[in-house]
There are 2 protein chains.
Amino acid sequence: MGGTELHPFDPLTVSEIEATINIVKKAHGELFYNVVSLHEPRKAEMTKWLEDPVNVPKPARIADVVVIAPGGKVYDGLVDLQHGKITKWELLKGLQPIITMEELIAVEHICRKDPKVIEQCEISGVPKDEMHKVYCDPWTIGYDERHGNEVRLQQALMYYRPNPDDCQYAFPLDFCPIYDADKQAIIDIDIPKVRRPLRKVDPINYHPAAIEKAGGYRTDIKPINITQPEGVSFKMSGRQIEWQNWKFHIGFNYREGIVLNDISYNDKGTARPVFYRLSLAEMVVPYGNPEHPHQRKHAFDLGEYGAGYMTNSLSLGCDCKGSIHYLDADFPARDGSIRTIKNAVCIHEEDAGILFKHTDFRDESSIVTRARKLVIQQVFTAANYEYAIQWIFHQDGTIQPEIKLTGILNTYVMNEGEDTNGWGTQVYPGVNAHNHQHLFCLRVDPNIDGPNNTVFMADALPSDAAVGSPENPYGNAFYAKRTKFSKTGESATDYNADTSRTWEMCNTNKLHPYSGKAASYKLISREVARLLPKEGSLVWKRAGFARHAVHVTKYSDDQLWPAGRHVPQTSGEPSAGLPEWMGDGSESIDNTDVVLWHTFGVTHIPAPEDFPVMPVEPITLLLKPRNFFTNNPVMDVPPSFASTPSQVAANNNGVLDAADKVSKLAFRNGESCCAVNGTNGVNGH
Amino acid sequence: MGGTELHPFDPLTVSEIEATINIVKKAHGELFYNVVSLHEPRKAEMTKWLEDPVNVPKPARIADVVVIAPGGKVYDGLVDLQHGKITKWELLKGLQPIITMEELIAVEHICRKDPKVIEQCEISGVPKDEMHKVYCDPWTIGYDERHGNEVRLQQALMYYRPNPDDCQYAFPLDFCPIYDADKQAIIDIDIPKVRRPLRKVDPINYHPAAIEKAGGYRTDIKPINITQPEGVSFKMSGRQIEWQNWKFHIGFNYREGIVLNDISYNDKGTARPVFYRLSLAEMVVPYGNPEHPHQRKHAFDLGEYGAGYMTNSLSLGCDCKGSIHYLDADFPARDGSIRTIKNAVCIHEEDAGILFKHTDFRDESSIVTRARKLVIQQVFTAANYEYAIQWIFHQDGTIQPEIKLTGILNTYVMNEGEDTNGWGTQVYPGVNAHNHQHLFCLRVDPNIDGPNNTVFMADALPSDAAVGSPENPYGNAFYAKRTKFSKTGESATDYNADTSRTWEMCNTNKLHPYSGKAASYKLISREVARLLPKEGSLVWKRAGFARHAVHVTKYSDDQLWPAGRHVPQTSGEPSAGLPEWMGDGSESIDNTDVVLWHTFGVTHIPAPEDFPVMPVEPITLLLKPRNFFTNNPVMDVPPSFASTPSQVAANNNGVLDAADKVSKLAFRNGESCCAVNGTNGVNGH
């Protein structure tokens with residue numbers, strides 16, 4: 001893409017990353033490159049350009065840079081690429097930037113050679129000469145009050161593999177080395193009071209050799225082919241996509257992974273803005289075992305490791321089927337070279353079942369129209385776990401973020417006969433999978449017919465009037481109570497299933513011609529586990545965003561990540577990110593440019609079915625237009641079949657029959673007892 | 001299927017229905033046939049036969065009969081088909097059986113000729129000579145205290161169609177005739193105090209001629225073809241299906257539609273029973289407008305009309321794609337002839353995305369396996385609304401009932417400038433769509449490794465211990481609190497989103513070898529709107545099942561339908577069905593044969609986007625095995641791609657690459673700026 005016109009939302013290109021590094025190198029010498037990423041255009045400037053790209057100058061390309069200098073000194077910088085200038089260079093104090101894959105991978109090799117780790121391995125029952133069979137999942141230390149945040153630390157969750165292909169999570173070790181990234185050395189080891197030696201159980205594996213040994217793969221799955229002989233229904237112009245009235249830009253960064261910008265829906269010829277920016281902005285995975293040092297297991301996978309940095313290279317016909325378009329991701333390596341992840345994002349369409357259907361019972365005249373969806377997907381690996389992030393666009397204006405959890409449980413060793421005390425489940429002999437939560441924070445920057453929006457909470461409630469009263473004689477009255485969030489403090493709200501609570505992002509300046517209600521997008525989210533670590537706990541302090549299902553703030557450039565810009569080793573005192581931005585709760589969020597932060601997710605009490613690899617568990621939510629379109633916006637999607645009463649009366653003259661002719665009966669006549677005879681029955685509406 | 005061997009769960013065949021009617025006719029003369037349906041085998045007898053079908057005699061075929069005799073007399077009967085004998089014949093008092101399609105269709109024609117209705121039409125602005133343009137959606141009256149339940153009544157919701165192909169729901173009329181099914185006459189008309197004449201607005205339609213007139217269909221949707229060149233992966237033997245370790249019987253009746261029986265999962269050679277019977281057993285759709293007579297709008301679509309009787313004839317390539325197998329449904333017509341619904345049930349497989357995936361971050365060795373699902377579907381039309389009921393089976397032992405709502409909103413006329421008072425939304429000029437709920441009751445008869453099961457409620461909770469206490473030093477401890485339901489009274493429980501509440505159907509006699517927890521199926525349901533009509537209201541009294549999300553009863557033959565056997569015109573005094581069966585709450589449900597009743601659904605505050613036809617709104621829930629399988633039960637599903645660390649080390653020698661070769665890049669090189677070069681990148685893992 002080097003030579004072509006860049007969109008201001010485009011991630012930095014390889015040559016831009018290289019140019020940035022050259023400028024920084026020239027000024028500051030050899031450094032470790034932690035981040036070189038697009039510094040997103042300021043909204044005020046960007047909005048002007050979006051409104052008039054011909055006459056308004058394009059926002060400049062600026063690189064956001066984080067480096068680690070010798071001695072562990074961390075610098076935040078900005079590089080103006082147009083002028084080849086460093087415009088900001090700031091030494092940070094007590095802040096640790098994101099841990100990169102390279103830093104993670106280093107730990108295991110150091111561990112294997114560290115005499116104290118070798119000693120602990122021996123105590124655990126791993127002989128000295130088997131240190132090549134010792135592995136570790138390196139995690140940031142979270143926060144450990146004994147070590148603070150001046151030194152860059154990781155904790156090494158230890159495992160053993162009898163064979164290099166064995167699933168290590170069946171063989172956890174009981175101690176936890178602490179790694180200093182600057183010294184590249186183990187500086188401490190947490191050793192539990194109760195020792196739990198390595199359990200000598202049979203490996204349990206899901207790789208082909210193991211399955212073949214256990215009886216082989218099932219042989220009764222016939223192929224399902226999905227083909228698009230005429231190609232896809234979307235168009236790409238650079239990273240801008242157009243599909244079924246939708247138009248938006250697909251960005252990608254080291255931190256959030258996919259970022260969608262400038263989302264609009266073409267409503268009968270008018271491109272109506274819907275969202276300025278959508279992303280998964282943070283997450284936290286607290287574990288529920290109180291025993292030291294498990295409290296340190298509460299990964300902020302985005303802020304501490306990065307959904308971009310950990311993203312998988314996707315594969316045609318594996319991760320999705322049909323006709324797929326991919327986008328790559330380019331990042332700096334630690335040494336300033338370039339690391340490219342091929343196929344970091346996949347884009348494809350899927351058939352989505354019935355879009356709408358109605359039959360008139362009088363004459364069986366009917367219409368049935370099939371739906372299509374567009375999926376923008378990435379999959380990232382956070383050590384043991386996998387997260388598939390899907391941004392699903394529907395034809396009717398609905399956006400459905402969906403997260404599929406898979407991969408492997410984090411595990412810890414348990415002794416024979418040991419009680420988990422309810423903090424975990426023995427999923428395999430000697431393997432304790434601790435209770436945990438996956439809490440995600442969605443950042444929604446609404447732009448519902450313009451930037452000035454207001455958020456309301458809607459609760460379905462019975463009428464206050466008593467049964468038998470004149471206002472409610474039969475007791476059936478109910479309505480949606482709407483509560484306006486005028487100030488930030490009012491917006492910190494929890495989910496209420498009793499009232500089927502939803503939140504509405506409204507443009508109160510734009511009332512619907514029929515309903516009189518404000519044009520809105522409704523947040524419908526039902527998987528909203530509350531943060532289970534208690535108020536005042538370490539996780540509660542560090543993951544301030546997770547205290548409520550919804551917070552609303554006034555828009556501010558750079559308020560992107562709700563646990564703060566630099567998350568590793570934050571103490572939570574004070575809580576960084578969203579709690580800061582909420583301030584004293586008095587800021588007005590009425591009819592202005594606002595951002596809605598939504599925390600949702602699941603509590604996971606593990607079971608043996610999740611081990612040694614977990615079948616996908618999806619979590620989903622909806623952003624749905626309400627009182628936004630004049631009426632149903634998908635009536636112009638061609639139906640598969642449509643007949644009207646007058647056509648039925650005229651013996652089905654003129655009926656539209658565009659049924660999918662590729663579909664077949666599963667069994668030919670006679671092959672099954674119940675196969676339908678003839679064609680009439682089959683196509684009968 | 002006449003000559004072949006019948007399964008005791010098979011619906012009555014055409015010849016069995018005919019034989020039943022002949023026997024009844026001989027004994028009782030000419031009657032209106034309301035129901036002739038399988039009287040399901042008694043469980044004790046059936047269980048014995050299922051255990052040993054070779055030696056135990058097959059349960060007899062018995063027909064369940066409901067007829068209406070002249071004068072509106074209703075009889076419940078049983079006919080033993082083997083002996084050709086009526087074994088029960090009982091005159092009912094104050095009970096009205098289900099309303100059939102024929103009874104519904106009759107009302108409109110009577111209305112059009114009734115002088116009082118014509119008079120009201122004229123008052124509303126419909127001239128006498130346009131009575132052929134007047135339509136009605138006939139509903140059961142629900143319950144009207146002025147009319148009781150001795151006389152069989154319907155209420156006629158009135159509409160106008162300028163043209164026979166126009167959507168009538170844009171033209172509601174304001175009065176409501178009451179129809180006596182025995183007299184076949186209008187006996188009363190409810191006329192509102194405030195009159196609302198017919199609104200002369202432009203029709204709004206979704207039929208092809210209307211879309212063409214409004215600019216035509218969108219032309220940018222390219223085909224997605226789904227083909228199964230080697231056929232389907234399921235086998236049918238009569239109405240028994242086998243697929244991916246699952247085996248079960250697919251029944252169908254007039255009332256519930258699809259009924260699944262004797263569901264088992266083949267766990268490494270052992271067929272383990274999971275559910276004895278699963279069905280959608282009842283539903284209620286209360287409307288929230290308190291104005292008379294809208295309180296009567298609270299359809300029990302299953303008990304009052306029948307999900308079987310109202311089911312659509314499905315169509316290849318319209319309602320689903322790929323290779324489809326259909327089952328027909330046979331019912332008696334009112335006059336004793338046979339009414340067959342072709343393709344009442346469709347059965348097909350779908351690709352279901354990633355089943356599991358894991359990548360080792362150290363070397364990018366990875367596995368990715370795709371999922372498949374099996375869908376058993378019916379779609380029924382309840383006057384204005386459509387419900388697509390899907391029973392989705394997953395390979396991992398999960399069963400996912402899913403309901404897709406579509407069709408058309410029930411509407412009422414409003415005057416210009418009239419306030420809806422929050423009880424509804426003006427979705428089109430003059431069209432008030434009232435707030436309503438769709439509450440469904442799922443009947444789950446668990447058989448988790450045998451009939452003796454116990455239900456627990458599970459709540460995710462923080463530890464009681466304070467932050468900083470020795471038991472909870474960092475405040476992160478959390479666990480699942482389990483509450484056993486020993487007696488029926490304890491089981492009447494509501495959803496609690498704060499604790500991510502689930503319910504577990506357990507076999508406490510079967511503990512997992514690793515976890516020590518009871519083999520169970522967990523009910524995970526998040527769309528659990530509470531019943532909004534108040535305690536003591538008409539709906540609350542009639543829909544006793546909807547008072548709580550879960551009730552558990554001890555199994556009893558014939559306790560199938562939780563609003564009672566005959567639902568039309570019940571007063572709710574006393575509440576029929578489930579409230580009766582719950583009794584005083586003292587019956588033991590501990591380690592015995594139990595039934596779980598789950599009420600779930602949505603509250604719908606309409607918006608213009610839902611009109612004139614509603615894009616599908618899905619509601620879903622899961623029945624998920626926990627501590628049931630030794631470990632992940634789908635590891636033997638062939639992966640699309642699998643490499644191990646040793647294969648990566650050996651330069652990918654021996655890697656399993658079974659990626660779908662039918663999938664393609666969306667754009668060929670050069671056609672898009674971002675297309676990937678070469679194949680390596682594309683298939684790179």
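Author: Contact here means heavy atoms within 4.5 Å. Please keep in mind throughout that this is a predicted model.

Reader: With that definition in hand, which residues is Pro633(B) in contact with, leaving aside its neighbours within four places in sequence?

Author: Pro633(B) is in contact with Arg218(A) and Glu609(A) from chain A, and with Tyr265(B) and Asp396(B) from chain B. Its place is in the loop between β31 (614-626) and β32 (641-642) of chain B.

Reader: Is Pro633(B) buried or exposed in that loop?

Author: The general idea is a cut-off, since buried means under 20% relative accessible area and exposed means over 50%. Pro633(B) has a relative accessible area of 15%, and therefore counts as buried. For a case on the other side of the cut-off, consider Pro470(B), which is found in the loop between β25 (452-462) and β26 (478-484) of chain B, and which counts as exposed because its relative accessibility is 75%.

Reader: How should I read separation in sequence against separation in space, and how far apart in space are Pro633(B) and Cys136(B)?

Author: The two separations are best read side by side. Pro633(B) and Cys136(B) are 52 Å apart from C-alpha to C-alpha, with 497 residues as their distance in sequence, whereas Pro470(B) and Asn509(B), 39 residues apart along the chain, have C-alpha atoms separated by 36 Å. For chain A there is also a summary of contacts between residues at least 6 apart in sequence, and 66% of these join residues at least 24 apart.

Reader: Arg218(A) belongs to the other chain, so how is the size of an interface usually expressed?

Author: It is often given as the accessible area lost when the parts come together. Between chain A and chain B the buried area is about 16,900 Å², with carbon and sulfur atoms giving 58% of it. Arg218(A), Tyr474(A) and Phe478(A) supply 6% of the area that chain A buries against chain B, which is more than any other three residues. Counted by residues, 199 of chain A are in contact with 199 of chain B.

Reader: Finally, how does the radius of gyration of chain A agree with that of a compact globule?

Author: A compact globule of 685 residues would have a radius of gyration near 26 Å, and chain A, at 28 Å, agrees with this. The C-alpha trace of chain A spans about 90 × 70 × 65 Å along its principal axes, and buried residues make up 67% of the chain. Its secondary structure consists of eleven helices and 34 strands.

How values were computed:
Residues are numbered from 1 along each chain as its sequence is written. Chains are lettered from A and ligands numbered from 1 in the order in which they are written. This is a predicted model: local features need pLDDT of at least 70, side-chain atom pairs count only at pLDDT 80 or more; totals for chains, interfaces and linings use all residues. Side-chain values use heavy atoms; hydrogens and water are left out. Helices (H or I, at least four residues) and strands (E, at least two) are DSSP runs, numbered from the N terminus. The radius of gyration is taken over C-alpha atoms; the globule rule is 2.2 Å times the number of residues to the power 0.38. Buried means under 20% relative accessible area, exposed over 50%, partly exposed in between (1.4 Å probe, protein chains only). Buried area is the accessible area (1.4 Å probe) that two parts lose on being put together, summed over both.
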